[in-house]
Each structure stands twice: as C-alpha cells, then as structure tokens.
Amino acid sequence: MQLIPTISKILGAAANALLCVMVLVTCIDVVGRYFFAAPLLGAHEIITLAMGIMIYLGMPLVTASDEHLVVDLAGSLLGPKAKRIQQIIVNAIGALTFILFSYLLLFHGIGLAEDLMVTEDFEIEQAPIAYLMAAMCFLTILVFLNQVFRGFTGSSQQRSEEHTSELQS
C-alpha cells in the first residue's frame, strides 16, 4: 500500500516549502527593514500563517515516526509488558486529545466562515486554514489509533526496539 508513504512525502514537502517561504520572507523583511527602511508588507502575516500550517502539517508526521519529545521518568522501572501498556495508554490519551483539538478547530473554522473572517493585510480567508488544521488533527488521530492497535498486536514493540537501536548507533 503506497498511499501512506505518498501522503507522508506530500505533507513533508509542503512543510519544507512553508519553512523555506518563512526563511525567505524573513530575510527579505530584515534586509528591507534595516538597509532600505522599507519592511516587507504583510511579512508578519505570511510568517504567522506559514508557521501555524507547518506545525499542523508536521503533527501526523512526527506522531507516525515516534519523534515526540518524551520525558520517561518510569522507563527504567517498568518491564517490557508494562512499557507496552504505558505506550498504549499514552497513545490512547493522545488520540482523545486530538479528537478534542479537531472538534474545536472544526467549529472554530465554521465560526470563521460564518463571520467571513479574513487576515488583515492580504485578506486571506481564515476558515480554510482552520479546516486544514482540523484535518491534520484528524489524520493525527488516525496515526495514534494505528499505534494503539499496533500496541495491542505487539507490532509496535519491534518498531520501538528498531528505533532505539537506530538512536544508539
């Protein structure tokens, strides 16, 4: 099934493109501001929107590759079975949290659409951005649920061990 790697590549490429846009806009704004006393109009708006979208595009990618920051205070005290149960619980809580996020973003987007909210400088509609963020949260929910399922079947333990060995080498 080639759909998941394709989606990952598209999301990664879009996030990388947004990062490049942010860097380029920042450079142009700084050069214009300090050398020509003419800052780039709407630079703050572009950077803010690009950063928000980039973060939400990256959430399913980070979740799927288990790249979240982790503070594991009890890791050395737990055995393999308890670690697996802990991971299932953490992923289930993550899924529930992102259900709330996607719900709130969806209804926030509906409110933005009803009020015809646009950005200040370029008058970009805000509702589609909220819908995109809600969709990325929904995709993250699916990733968390996949990890919960793999935790129950035991296939996540093998992946976790491979990931740990990659980090150690």
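This passage describes the nonpolar core, the cysteines and one buried aspartate of a predicted model.

The largest nonpolar core holds 19 residues. Among its members, Leu18, Ile53, Met54, Leu57, Phe98, Leu105 and Cys137 touch the most other members. Two or more core residues come from each of H1, helix H2 (43–64), helix H3 (80–114) and helix H4 (127–153). H4 gives the most, with 7 residues. In soluble globular proteins, nonpolar side chains tend to be buried together.

Cysteine 137 belongs to this core. Its relative accessibility is 0%, so cysteine 137 counts as buried. Leaving aside residues up to four places away in sequence, cysteine 137 touches Tyr56, Met59, Phe98, Phe101, Ser102 and Leu105. Of these contacts, Phe98 and Leu105 are also listed among the core residues that touch the most other members.

Cysteine 20 presents the opposite case in exposure. At 52% relative accessibility, cysteine 20 counts as exposed. The closest cysteine sulfur to that of cysteine 20 is in cysteine 27, 11 Å away. A disulfide requires two cysteine sulfur atoms within 2.5 Å. The sulfur of cysteine 20 is therefore too far from that of cysteine 27 for a bond. The disulfide count for the model is 0.

Aspartate 29 lies in helix H1, which spans residues 3–35. The relative accessible area of aspartate 29 is 11%. Buried means under 20%, so aspartate 29 is buried. Apart from residues up to four places away in sequence, aspartate 29 touches Pro39, Leu40 and Ala43.

Methods:
Residues are numbered from 1 along each chain as its sequence is written. This is a predicted model: local features need pLDDT of at least 70, side-chain atom pairs count only at pLDDT 80 or more; totals for chains, interfaces and linings use all residues. Side-chain values use heavy atoms; hydrogens and water are left out. Buried means under 20% relative accessible area, exposed over 50%, partly exposed in between (1.4 Å probe, protein chains only). Helices (H or I, at least four residues) and strands (E, at least two) are DSSP runs, numbered from the N terminus. Contact means heavy atoms within 4.5 Å. A nonpolar core is a set of buried Ala, Val, Leu, Ile, Met, Phe, Trp, Tyr and Cys residues joined through side-chain atoms within 4.5 Å.
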